[in-house]
Amino acid sequence: MAKLKYLPRHKKGFIICHWLNGISFLMLFLTALPLYIPSFGDFYRAVGPHNLQLLHRFFACVFIATPFVGLFIAREGYKRLFSEALHFTKDDIEFQKKFPAELVGGEPDLPPQGFYNGGEKMNILLQMGLWCVLVASGLVLWLGTSLPQSLQAWAIPIHAIAGGCGFAAALGHIYLALGVNPESFQGMKDGTVLTDYAVHHHGKWVDELVAEGKVSRKDIE
Ligand code: HEM
């Protein structure tokens, strides 16, 4: 039984940026849907095309600004996000091979994971790539007629495909966070996670905390 029930995991600034990013992405998706799905026609008429465009552009500004805000209020969290995502270890690859079994109810012998596991690292890289594609193609569409028409013609499908991929990834991410590992969600609420959860799901990160003297073995075992 762990003596220290919770371990600090995410700082307040990082949590704010996560929700700014997540909510702005979902609102961008929602305000674009009526353009693609005819059954959203009633929603389209109720809000009005002009208002939908304004809302889409407002949330685009929040989506673009969030990582820059993060440079000021969540520098440490973003630094960790980038450095972890760009550093795949053989345990991460092993995790990716074995994790699907856990999704279908199995109990695979997963290797110890660092602050982010192999699946999270893939999600981070995917979200970073999609952010770049969505922002670049979105700005081309926003700047409109002042740019060459061929650029616009490319930007329309690229923007839509990136939005669709981002939504599919977000659904998987939300399912994993709320359905498979609900204990992780507390980290995005008050910044702490249960010590037992951290030891089982992020063993290498806990070892790091011990090595840095932030917690002692007897505090957690
Ligand atoms: C209801 C919606 C959401 C929930 C419940 C949720 C939950 C979480 C949780 C619990 C974490 C921390 C994981 C950890 O500490 O290891 C996290 C991290 C993260 N979230 Fe979300 N999230 C949501 C929406 C989104 C959306 C829409 C995006 C992107 C568009 C997003 C992108 C990320 C990224 C990139 C991370 C860092 C790495 C990762 O865990 O994959 N989240 N989220």
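This is a short walk through the structure shown above, from the whole chain to its helix packing and its ligand.

Let's begin with the overall picture. The model is predicted, and its chain has 10 helices and two strands. If you follow the sequence from start to end, the elements come in the order β-α-α-α-α-α-α-α-β-α-α-α. Along the principal axes, the C-alpha trace spans about 65 × 40 × 35 Å.

Next, let's see how some of these helices meet. Two packed helices are described by the angle between their axes and the distance between the axes. Try this with helices α1 and α7: their axes lie 10 Å apart, and the helices pack at an angle of about 130°. An angle over 145 degrees would count as roughly antiparallel, and one from 65 to 115 as roughly perpendicular; α1 and α7 are therefore oblique to each other. Their crossing is left-handed. On the α1 side, the contact is made by H18, F25, L26, F29 and Y36, while α7 brings A160, G163, G164, G166, F167, A170 and H173. Sorted by class, this contact of α1 with α7 has seven nonpolar residues, five polar ones and no charged ones.

Helix α7, which covers residues 149-180, also meets α5, which covers residues 90-103. Here the axes come within 13 Å and cross at roughly 60°. α5 and α7 are therefore oblique to each other, and the crossing of this pair is left-handed. From α5, the residues in contact are F99, E102 and L103; from α7, they are Y175, L176 and V180. Five residues of this contact are nonpolar, one is charged and none is polar.

Now turn to the ligand. Which residues come nearest to it? There are 21 residues around the ligand, and the nearest are R9, H10, H18, E120 and H173. You have already met two of these names, since H18 of α1 and H173 of α7 take part in the contact between those helices.

Some of the distances can be traced atom by atom. A polar side-chain atom of E120 is 2.5 Å from an oxygen atom of the ligand, and one of H10 is 2.7 Å from a ligand oxygen atom. For H173, a polar side-chain atom lies 2.8 Å from a nitrogen atom of the ligand. Which elements give two or more residues to the shell around the ligand? They are α1 (12-36), α6 (118-143) and α7. By class, the shell has 11 nonpolar, eight polar and two charged residues.

Note on methods: Residues are numbered from 1 along each chain as its sequence is written. This is a predicted model: local features need pLDDT of at least 70, side-chain atom pairs count only at pLDDT 80 or more; totals for chains, interfaces and linings use all residues. Side-chain values use heavy atoms; hydrogens and water are left out. Axes are lines fitted to C-alpha atoms, for helices over the stretch in contact, and angles run from 0 to 180 degrees between N-to-C directions. Helices (H or I, at least four residues) and strands (E, at least two) are DSSP runs, numbered from the N terminus. Angles under 35 degrees count as roughly parallel, over 145 as roughly antiparallel, 65 to 115 as roughly perpendicular and the rest as oblique. A crossing is left-handed if the near helix is turned anticlockwise from the far one by less than a right angle, and right-handed if clockwise. Contact means heavy atoms within 4.5 Å. Ala, Val, Leu, Ile, Met, Phe, Trp, Tyr, Cys and Pro count as nonpolar, Asp, Glu, Lys and Arg as charged, and the others, Gly among them, as polar. A residue is near a molecule or strand if one of its heavy atoms lies within 4 Å of it. A polar contact is a pair of N or O atoms within 3.5 Å; within protein, one must be able to donate a hydrogen and the other to accept it, and residues adjacent in sequence count only if both atoms are side-chain atoms.
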